[in-house]
Amino acid sequence: MQELEGKVAVITGAASGIGRAFAERFAAAGMKLVLADVEKEPLEAVSAALAEGGSEIESAVIDVREPSALAGLAERCEARFGGAHLLCNNAGVGVGGPMWEVTPKDWDWIIGVNLVGVINGIHAFVPSMVASGEPGHVVNTASIAGLTCPAFLGPYNVTKHAVVALSESLLNDFRATGASIGVSVLCPGWVQTRIHESDRNKPAGTPADSSDPNLDAMRKVLGDLVSGGITPQQVAEQVLEAVLDDRFWIRTHPEMEPDVRSRCERIIAAETPKLMAPTEIK
Ligand SMILES: NC(=O)c1ccc[n+]([C@@H]2O[C@H](COP(=O)([O-])OP(=O)(O)OC[C@H]3O[C@@H](n4cnc5c(N)ncnc54)[C@H](O)[C@@H]3O)[C@@H](O)[C@H]2O)c1
């Protein structure tokens, strides 16, 4: 996409962190916005602030795990703005701990939000983006955990690797069919957001996280790493540039490149992966 002014951006997970920064940056670029999140008050706050600044906003409290919720969002987008140009599948949650201790309900939750949520967004919005014939772009938020496998982040690593594979496959489908739609996959390291407080959005009936002292210590480490990360605004700036440049990989943390390189080299050499603890992700 070369032109953003007057075009329509859809953002899931728009009420907080990276999604909110996307909304602010795209609004500053003159885009109309469709904002979605499961958290009502923060979504209303960001929508009101941007509307006050003169942006045209459609917002909806939805759970991205529900295909019908994304279908409804696409209908509202069509009715209000005539369709979407930039789709950002960004809503995400974190679940950690040794793989064998993660409950089936937690697996359902994280796969539902981080992977099925992206699939639902694509299914709801992409057909009309393709049919319109207009230039468009899809940004899927993965993570550096889509390219590396730190210990105690198994469910997160699994879903983010899937989002990387999904994004690359989507790009190939667009190219193979001649669709004028670009794809970017966002793979950040630590960013100052509320991702380490994802439990606030756990669905009813999902057991509370175990209060195992090792897990508590890990949560503290993750909180420190997140608060020492880059700002969501820095991420949003890089995403805007990638959309304009039609760049697939959005890699925000150059200091993590050696870990990715070393993993790829070990795959090619068929060497056992090296141990990677969350604290080793600088
Ligand atoms: N913060 C980091 O260090 C980091 C690093 C790499 C990738 N990411 C990814 O960035 C994305 C945004 O997360 P963030 O870091 O801004 O965290 P955040 O918690 O600040 O924001 C995530 C947003 O997603 C929303 N959300 C959660 N479940 C939802 C659901 N079922 N339906 C709709 N919305 C839902 C939350 O309410 C929240 O507003 C996520 O996909 C996350 O995995 C974050």
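Start by selecting Asp 37, which counts as buried because its relative accessibility is 8%; buried here means under 20% relative accessible area, with over 50% called exposed and anything in between partly exposed (1.4 Å probe, protein chains only). Asp 37 sits in strand β2, residues 32-37. Strand and helix labels are DSSP runs, numbered from the N terminus: strands are E with at least two residues, helices H or I with at least four. Now add Ala 60 to the selection: the two C-alpha atoms of Asp 37 and Ala 60 are 6.8 Å apart, with their positions 23 residues apart in sequence.

A quick word on ground rules before moving on. You're looking at a predicted model, where local features need pLDDT of at least 70 and side-chain atom pairs count only at pLDDT 80 or more, while totals for chains, interfaces and linings use all residues. Residues are numbered from 1 along each chain as its sequence is written, and side-chain values use heavy atoms, leaving out hydrogens and water.

Next, pick the ligand and show its surroundings. The shell holds 30 residues, and Asp 37 is among the closest, together with Ser 16, Tyr 156, Val 191 and Thr 193; a residue qualifies if one of its heavy atoms lies within 4 Å. Colour the shell by type and you get 14 nonpolar, 10 polar and six charged residues, with Ala, Val, Leu, Ile, Met, Phe, Trp, Tyr, Cys and Pro as nonpolar, Asp, Glu, Lys and Arg as charged, and the others, Gly among them, as polar. Helices α1 (17-28) and α5 (154-177) each supply at least two shell residues.

Which polar side-chain atoms should you pick out around the ligand's oxygen atoms? Try Thr 193, at 2.6 Å from a ligand oxygen, then Lys 160 at 2.9 Å, and the side-chain N or O atom of Arg 200 at 3.0 Å. The protein buries 98% of the 830 Å² that the ligand exposes when taken alone (Shrake-Rupley areas, 1.4 Å probe).

Now hop to strand β6, residues 181-186. Six of its six residues are buried, so β6 is largely enclosed by the rest of the structure. Flip between its faces: Ile 181, Val 183 and Val 185 are buried on one side, Gly 182, Ser 184 and Leu 186 on the other.

Finally, bring in the partners of β6. Strand β5 (136-141) pairs with β6 in parallel over six bridges, pairing requiring at least two DSSP bridges; Val 185 is the bridge partner of Asn 140. Strand β7 (249-250) also runs parallel to β6, joined by two bridges, and there Leu 186 partners Ile 250.

Key. Polar contact = N/O pair within 3.5 Å; in protein donor to acceptor, adjacent residues only side chain to side chain.
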